[in-house]
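Me: I have a protein model open and I keep meeting words such as "buried" and "edge-to-face". Could you go through them with me?

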Amino acid sequence: MPFDGITVSSLVNELESTILNGRIEKIYQPEKDELNINIRNNKTNYRLVISASPMYPKMHLTEAVKSNPLTAPAFCMLLRKHLTSSRIISIKQPSLERIIELSFNCVDEMGYSVEKSLIVEIMGRHSNIIFIDSESRVIIDSIKRVGNDMSSVRTVMPGFKYIYPPSADKIDPLTINSEDFLSSIKTEAGSVKAHKHLVKTFYGISPVIAQEICFRARIDGDSDIKKLDKNSIFALFGEFNNVMEEIKNKNFTPNIIREGTKNIDFSPLKLSIYSSHEILKTNSISKAIEEFYFQKDLQDRIKQRTGDLSRILKTRLERSEKKLGILESELAEAKNSEYYRLCADIIMSNLYRLHKGQDKAVLPNFYSPEGEDIEIKLDPRLSPSDNAQKYYKQYNKSKGAKKIIKEQIEQVLDEIVYLESIQDSLSKSLNESEINEIRQELIQEGYIKSRKENKKGTKNSQKPSKPMHFISSSGFNIYVGKNNMQNDYLTLKLASANDLWFHTKDIPGSHVILKTEGREPDENTLIEAATLAAYYSKGKLSSNVPVDYTQKKNVKKPSGAKPGKVIYENYKTIYITPDEEMVNNMNKGSGI
């Protein structure tokens with residue numbers, strides 16, 4: 001469900017009961033378009049997330065903590081200056097608009113009490129967070145500045161007066177009566193679907209709510225509203241009015257709609273159109289919003305941050321694969337070296353039958369069991385003996401080239417495996433620290449240039465990321481690396497000689513360490529560890545994935561090998577079909 005006016009109304013109702021009159025303690029800006037505000041109210045701590053993301057704009061309370069940049073952005077510093085220690089004195093929504101205005105009682109530089117407002121506009125790619133002086137309505141600043149060159153409708157820049165976004169002449173659904181409702185239908189210029197009429201005529205109504213109103217009125221939402229009879233129109237208005245009364249009376253029942261294991265929608269109201277789906281009720285609209293958007297927003301953020309790395313890896317892989325094809329062709333050609341030696345030997349054995357000036361000769365092939373003739377090309381400018389020497393030279397050259405080409409193919413194959421392992425690590429990255437570790441590794445390996453801002457000391461300013469930690473059903477600790485830095489740490493430093501090491505056979509993936517601590521792991525624990533290795537690999541979506549495991553003492557890192565590269569021996573193989581449900585249900589440890 002889009003973040004519509006009804007969701008905003010439900011959220012405002014929740015915020016009024018939790019953070020109204022609360023004191024602002026901390027303000028952070030973990031993303032370029034997102035604020036996290038820590039609020040203390042009634043001896044309780046709250047964290048408010050406000051995001052103006054073009055993909056998933058949202059606002060809700062959360063308990064999650066995000067890592068923040070070492071240097072706060074300018075907008076964050078501005079808000080800290082004005083709002084730290086201020087109190088929230090009002091939380092308003094203009095009718096059913098997708099706008100929330102938080103007003104604060106602040107103290108200015110002279111010690112006088114003043115009122116400032118933070119206006120949150122949740123409007124898709126036009127979403128914004130705007131800080132204004134409440135009395136004059138003049139914009140102090142915004143998280144996204146919008147100049148005349150970006151919008152001819154409205155300027156959002158410091159010093160300009162704040163005005164609400166244009167509502168496209170939509171009608172307030174909370175104040176409409178039956179006559180106005182009928183009039184809106186009559187003024188439609190042509191045919192229009194019933195649910196689309198509700199969306200385009202009234203602000204705050206999403207397509208899902210419009211379909212719900214039609215469903216409750218027993219009307220096909222795709223039917224032409226101008227062709228509905230009088231009874232159908234009155235039924236439609238009746239259900240439209242019922243939904244508005246639910247909102248006015250604050251009868252919100254936040255819920256998440258699920259299909260199998262996936263969250264497909266959320267709503268502040270009970271939706272009859274989803275009666276055949278699993279409905280998970282929540283006691284908070286914030287929880288419904290967060291659970292629905294968390295994974296989507298996370299994936300979008302990761303995609304934004306890793307876009308340049310993904311492109312570099314893709315280009316490098318394409319080059320390596322192209323080079324591999326060329327080398328394989330050259331190797332096939334070099335394999336003709338035996339033919340060159342055969343021709344040279346046959347010529348030397350038949351010198352008496354040949355003379356200078358011949359461009360070819362048909363001679364018996366004494367290497368063949370049948371002894372059939374073979375046609376050999378000759379250089380008419382050379383003597384028979386010189387032609388034989390020419391073939392011997394080609395033989396020696398091809399023989400040497402074959403060895404070199406084979407070595408080059410091994411190097412290219414190693415590089416392809418390495419790049420694919422980096423791609424796999426990138427797909428498992430969940431935060432800035434993990435992404436930076438991969439970026440640093442690519443810099444060290446020479447795949448990308450170091451950024452100018454990576455000055456001395458910056459590299460070590462961020463805490464190293466931690467591997468995943470699981471606890472098996474039998475109580476064994478299992479650690480899973482998410483990138484090569486973590487893989488090397490787990491295998492070469494954390495693991496003891498008798499701990500078990502797991503990895504997918506010939507498939508890029510995580511190093512998995514099962515800490516035995518002097519105990520013999522049972523079969524279930526081995527399967528759980530192997531499942532983690534298969535799940536956190538490039539074979540995640542495959543079946544019967546081969547997973548090798550052995551004691552750590554059988555695992556070695558070759559001298560000069562790339563990060564994450566090891567060799568191992570004395571191993572066993574178990575075939576696993578990755579089970580997402582098993583992984584999700586495994587107990588999570590507290591980390592290293």
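Me: Let's start with S3 and S4. How do you know that strand S3 and S4 pair?

Reply: Happy to help, and do keep in mind that this is a predicted model. Two strands pair if at least two bridges are found between them. Strand S3 (residues 44–51) and S4 have 5 bridges, in the antiparallel sense, so they meet the cut-off of at least two. You can find serine 51 opposite lysine 58 in S4, and a hairpin joins S3 to S4 through 6 residues.

Me: Why is strand S4 called largely enclosed?

Reply: Strand S4 covers residues 58–62, and 5 of the 5 are buried, so the rest of the structure largely encloses it. Lys58, His60 and Thr62 point one way, while Met59 and Leu61 point the other way, and all are buried.

Me: Where does glutamine 358 lie, and why does it count as buried?

Reply: Glutamine 358 lies in the loop between helix H8 (337–349) and strand S13 (360–364). Its relative accessibility is 18%, and buried means under 20%, so glutamine 358 counts as buried. Leaving aside neighbours within four places in sequence, glutamine 358 is in contact with Arg353, Leu378, Asp379 and Pro380.

Me: What makes the approach of glutamine 358 to histidine 355 a polar contact?

Reply: A polar atom of the glutamine 358 side chain lies 2.9 Å from the backbone nitrogen of histidine 355. The cut-off is within 3.5 Å, and 2.9 Å satisfies it.

Me: Why is serine 95 called partly exposed?

Reply: Serine 95 has a relative accessible area of 22%. Buried needs under 20% and exposed needs over 50%, so 22% falls in between and serine 95 is partly exposed. Serine 95 lies in the loop between strand S5 (87–92) and strand S6 (99–107). Its phi is near 50 degrees, a positive value in a residue other than glycine.

Me: Which residue in the loop between H12 and S19 also has phi near 50 degrees?

Reply: That is asparagine 544, with a positive phi in a residue other than glycine.

Me: Now the rings. Why is the pair of phenylalanine 266 and phenylalanine 292 called tilted?

Reply: A pair of aromatic rings is described by the distance of the centres and the angle of the planes. For phenylalanine 266 and phenylalanine 292, the centres are 5.3 Å apart and the planes stand at 50 degrees. Centres within 6.5 Å make a pair, under 30 degrees is stacked and over 60 is edge-to-face, so 50 degrees makes this pair tilted. The pair links distant parts of the chain, with phenylalanine 266 in strand S11 (residues 262–267) and phenylalanine 292 in helix H7, 26 residues apart.

Me: What makes the pair of phenylalanine 266 and tyrosine 293 edge-to-face?

Reply: The centres of phenylalanine 266 and tyrosine 293 are 5.7 Å apart and their planes are at 65 degrees. Over 60 degrees counts as edge-to-face, so this pair gets that name. Phe3, Tyr56, Phe266, Phe292 and Tyr293 form one aromatic cluster, and the structure holds 19 aromatic pairs.

Me: How do you know that phenylalanine 266 and tyrosine 293 are buried?

Reply: Phenylalanine 266 has a relative accessible area of 0% and tyrosine 293 has 6%. The limit is under 20%, so both values put these residues among the buried ones.

Me: One last topic, the open sheet. Why do S22 and S23 stand at the edges?

Reply: The sheet has 7 strands with antiparallel pairing, in the order S22-S19-S17-S18-S16-S15-S23. Strand S22 (572–576) and strand S23 (587–588) each have a single partner strand, so one side of each is left without a neighbour in the sheet.

Me: How do you know that strand S16 and strand S18 pair?

Reply: Strand S16 (residues 477–480) and strand S18 (residues 512–515) have 4 bridges, and the cut-off is at least two. In S18, isoleucine 513 is the bridge partner of tyrosine 479. Helix H11 (residues 484–494) lies across S16, strand S17 (500–504) and S18, at about 140 degrees to S16.

Methods. Residues are numbered from 1 along each chain as its sequence is written. This is a predicted model: local features need pLDDT of at least 70, side-chain atom pairs count only at pLDDT 80 or more; totals for chains, interfaces and linings use all residues. Side-chain values use heavy atoms; hydrogens and water are left out. Helices (H or I, at least four residues) and strands (E, at least two) are DSSP runs, numbered from the N terminus. Contact means heavy atoms within 4.5 Å. Axes are lines fitted to C-alpha atoms, for helices over the stretch in contact, and angles run from 0 to 180 degrees between N-to-C directions. Buried means under 20% relative accessible area, exposed over 50%, partly exposed in between (1.4 Å probe, protein chains only). Rings of Phe, Tyr and Trp (its six-membered ring) pair if their centres lie within 6.5 Å; planes under 30 degrees apart count as stacked, over 60 as edge-to-face and the rest as tilted. A polar contact is a pair of N or O atoms within 3.5 Å; within protein, one must be able to donate a hydrogen and the other to accept it, and residues adjacent in sequence count only if both atoms are side-chain atoms.
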